[in-house]
Amino acid sequence: MLVPRTSQRFFDPFDFSLFPTAEPKATTSLMKTDIKETDKGYELHVDLPGFKKEDIQAEIKDGYLTVTAETHAENEEKDSTYLRKERFAGKCSRNFYVGEEIAEDDITATFEDGVLKLFVPKQEQPKIEESKKISIG
């Protein structure tokens, strides 16, 4: 496992923001993420219901994996009899520290049924030599 810089642990959430500002309850229901550790790496499952594949971007920079999703509510009906229409339109983003040795080619991603699945491989940890005691006679 990589040794993260400063005091951050591997995959600690770094930032969660929602634009435009929504009610506090709305921010807790967006981009819920499950992270599972396996022998070969880390699996992230990010809930993005209502988003399309083309609305989602994932990028890596300075050791941080950033997942961003943006959607727009468009209403082309001119003669509308709706009293109220509730749709989310906005942008949400999450950052995860994955280590500076991880490159974009190392990460795989799929999007199906409103869930973004990312796989981040573990990097080989450098071997630390064990100290050997010398007997003093």
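**Exercise 1. Is Lys32 buried, partly exposed or exposed, and what surrounds it?**

Solution. The model is a predicted one, and the steps below are to be read with that in mind. Begin with the position of Lys32, which is in the loop between helix H1 (24-29) and strand E2. Next take its relative accessible area of 48%, and recall that buried means under 20% and exposed over 50%, with partly exposed in between; Lys32 is therefore partly exposed. For its surroundings, leave aside the neighbours within four places in sequence, and Lys32 is then in contact with His45, Val46 and Asp47. A further relation across the chain is that Lys32 and Leu48, which are 16 residues apart in sequence, have their C-alpha atoms 8.0 Å apart in space.

**Exercise 2. Work out the strand order of the open sheet that contains E2, and identify its edge strands.**

Solution. The sheet has 4 strands in the order E2-E3-E8-E7, and their pairing is antiparallel. The strands that pair on one side only are E2 (33-37) and E7 (108-112), and these are the edge strands. Neighbouring strands of the sheet are turned by 15° against each other on average, with direction ignored. To look at one of the pairings in detail, take E2 and E3 (residues 41-47), which run antiparallel and are joined by 5 bridges; here Asp34 stands opposite His45 in E3. As general background, strands of a sheet pair through backbone hydrogen bonds, either parallel or antiparallel.

**Exercise 3. Trace the pairing of E5 with E4 and with E6, and decide how far E5 is enclosed.**

Solution. On one side, E4 and E5 pair in the antiparallel sense over 6 bridges, and Ile56 has Ala69 in E5 as its bridge partner. The pairing of E5 with E6 is likewise antiparallel and extends over 8 bridges, with Ala69 standing opposite Cys92 in E6. Ala69 thus appears in both pairings, as partner of Ile56 and opposite Cys92. For the burial, 7 of the 8 residues of E5 are buried, so this strand is largely enclosed by the rest of the structure. Thr68, found in strand E5, has a relative accessibility of 16% and counts as buried. Beyond residues up to four places away in sequence, Thr68 touches Asp55, Ile56 and Gln57, as well as Lys91, Cys92 and Ser93.

**Exercise 4. Describe the largest nonpolar core and the contacts of Leu65.**

Solution. This core has 19 residues, and those with the most contacts inside it are Leu48, Ile56, Leu65, Ile107, Leu116, Leu118 and Val120. At least two residues of the core come from each of E3, E4 (56-61), E5 (64-71), E6 (90-97) and E8 (115-121). Not counting residues up to four places away in sequence, Leu65 touches a set of residues including Leu44, Ile60, Phe96, Val98, Ile107, Leu118 and Val120, and also Glu59, Arg94 and Asn95.

**Exercise 5. Which positive phi values are found at Asp62 and Asp113, and where do these residues lie?**

Solution. In general, most residues other than glycine have a negative phi. Asp62 has a positive phi near 55° and is found in the loop between E4 and E5, a hairpin with 2 residues between the strands. With a relative accessible area of 53%, Asp62 is exposed. Asp113 has a positive phi of about 55° although it is not a glycine, and it lies in the loop between E7 and E8. Its relative accessible area is 73%, so Asp113 is exposed.

**Exercise 6. Find the salt bridge and the aromatic pair, and state which parts of the chain they connect.**

Solution. The structure holds 1 salt bridge, which Glu37 forms with Lys122, the closest N and O atoms being 2.8 Å apart. Because Glu37 lies in strand E2 and Lys122 in the segment after E8, the pair ties together parts that are 85 residues apart in sequence. Lys122 counts as partly exposed, at 27% relative accessibility. Turning to the rings, a search of the whole structure finds 1 aromatic pair. The ring centres of Tyr64 and Tyr97 are 5.1 Å apart and their planes stand at 65°, so the pair is edge-to-face. Tyr64 is in strand E5 and Tyr97 in strand E6, 33 residues apart. Both count as buried, Tyr64 at 12% relative accessibility and Tyr97 at 3%.

Key: Residues are numbered from 1 along each chain as its sequence is written. This is a predicted model: local features need pLDDT of at least 70, side-chain atom pairs count only at pLDDT 80 or more; totals for chains, interfaces and linings use all residues. Side-chain values use heavy atoms; hydrogens and water are left out. Two strands pair if DSSP finds at least two bridges between them. Axes are lines fitted to C-alpha atoms, for helices over the stretch in contact, and angles run from 0 to 180 degrees between N-to-C directions. A nonpolar core is a set of buried Ala, Val, Leu, Ile, Met, Phe, Trp, Tyr and Cys residues joined through side-chain atoms within 4.5 Å. Buried means under 20% relative accessible area, exposed over 50%, partly exposed in between (1.4 Å probe, protein chains only). Contact means heavy atoms within 4.5 Å. A salt bridge is a side-chain nitrogen of Lys or Arg within 4 Å of a carboxyl oxygen of Asp or Glu. Rings of Phe, Tyr and Trp (its six-membered ring) pair if their centres lie within 6.5 Å; planes under 30 degrees apart count as stacked, over 60 as edge-to-face and the rest as tilted.
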